[in-house]
Amino acid sequence: MASEESPATAPVPDASPATPPTLLELGTYLLSRTGRAARGQLAERLARRGLRLWDMAVLAALADFGPHSQRDLVRRLRIDPSDMAKVTDRLAAAGHVERTRDTADRRRVSVTVTGAGRALLAELQAEAHAVQDEVLAPLSPAERTVLHELLGRIHARLPGSP
């Protein structure tokens, strides 16, 4: 009689016969591969709209935390300042964010999400959830909840996490 293995000890199916089993034994390797695949799928969906992952990240930060200076967005999202300027230029040109000069400090530019930006973010969130559903399809709803809780605990301990 074959013994039933628990999910924690069950062998990981090899997605590619070229992947060394030694790597498949590493949870961090599997996290990295899964994350890279999910990120690539979302990036592809955003690219069809002429957008990039940073565009979504900026919209999310502004929607979740309110107006920011470009400098504060750079720090919060850990993006290069010149890249942030390009992202906000694109989003402003499309009407998704508004940039205004601080009256007290003309060097400081404040960025605010617009109604159109919020609507776009809602569409992008739906795309992200669709990718998440595709990637996590092999898991039951209960397993997805456990995975999310575990990843949240790990994320909270990463350097630079709040």
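The chain folds into seven helices and three strands, and this is a predicted model. Reading from the N terminus, the elements come in the order α-α-α-β-α-α-β-β-α-α. Out of 162 residues in the chain, 23% count as buried. If you look at contacts in the chain with a separation of 6 or more, 48% of them join residues 24 or more positions apart.

**The strands**

Let's start with the β part. Strand β3 covers residues 109–113, and two other strands pair with β3. On one side of the story there is β1 (residues 68–69), which pairs with β3 in the antiparallel sense over two bridges. Then there is β2, also antiparallel to β3, this time over five bridges. Here is how the two pairings look, with one facing pair of residues for each.

| Strand pair | Sense | Bridges | Residues standing opposite |
|---|---|---|---|
| β1 and β3 | antiparallel | two | H68 and V111 |
| β2 and β3 | antiparallel | five | T100 and S110 |

Which residues of β3 are on its covered face, and which on its uncovered one? V109, V111 and V113 make up the covered face, while S110 and T112 are on the uncovered one. That fits a general habit: in a regular strand the side chains alternate between the two faces of the sheet.

**Two neighbours, H96 and V97**

V97 belongs to strand β2, which spans residues 97–101. H96 sits in the loop between α5 (81–93) and β2. Are these two buried or exposed? V97 has a relative accessible area of 4%, so V97 is buried. For H96 the value is 15%, and since buried means under 20%, H96 is buried as well.

What do they touch, once residues up to four places away in sequence are set aside? V97 touches L59, L62, T88, L91, A92, V111, T112, V113 and T114. H96 has contacts with L59, L91, T112, V113, T114, A116, G117 and L120. V97 and G115 are 18 residues apart in sequence, and their C-alpha atoms are 8.6 Å apart in space.

**Helix α2**

Helix α2 runs over residues 27–47, which makes 21 residues. From first C-alpha to last it reaches 30 Å, close to the 30 Å expected at 1.5 Å a residue. Its buried residues are Y29, L42, R45 and L46. What covers them? The cover includes α1 (21–24), α3 (53–65) and α6 (115–135).

**The nonpolar core**

In soluble globular proteins, nonpolar side chains tend to be buried together. Here the largest nonpolar core has 22 residues, and V58, L59, L62, L73, L77, M84 and L124 are the ones with the most contacts inside it. Several elements feed this core: α2, α3, α4 (70–77), α5, β3 and α6 each give at least two residues. The largest share is that of α3, with five residues.

L77 is worth a look of its own. Setting aside neighbours within four places in sequence, L77 is in contact with W54, A57, V58, A61 and M84.

**Rings**

How many aromatic pairs does the structure hold? The number is zero. There is a charge over a ring, though: R76 lies over the face of F65, at 3.8 Å from the ring centre.

Note on methods: Residues numbered from 1 in each chain as written. Predicted model: local features only at pLDDT ≥ 70, side-chain atom pairs only at ≥ 80, totals over all residues. Heavy atoms only, no water. Helix = DSSP H or I, 4+ residues; strand = E, 2+ residues; numbered from the N terminus. Buried < 20%, exposed > 50% of the residue type's maximum accessible area, 1.4 Å probe, protein only. Contact = heavy atoms within 4.5 Å. Expected span 1.5 Å × (residues − 1). Pairing = 2+ DSSP bridges. Phe/Tyr/Trp six-rings, centres within 6.5 Å; stacked < 30°, edge-to-face > 60°. Lys NZ or Arg CZ within 6 Å of the ring centre and 35° of its normal. Core = buried A, V, L, I, M, F, W, Y, C linked by side-chain atoms within 4.5 Å.
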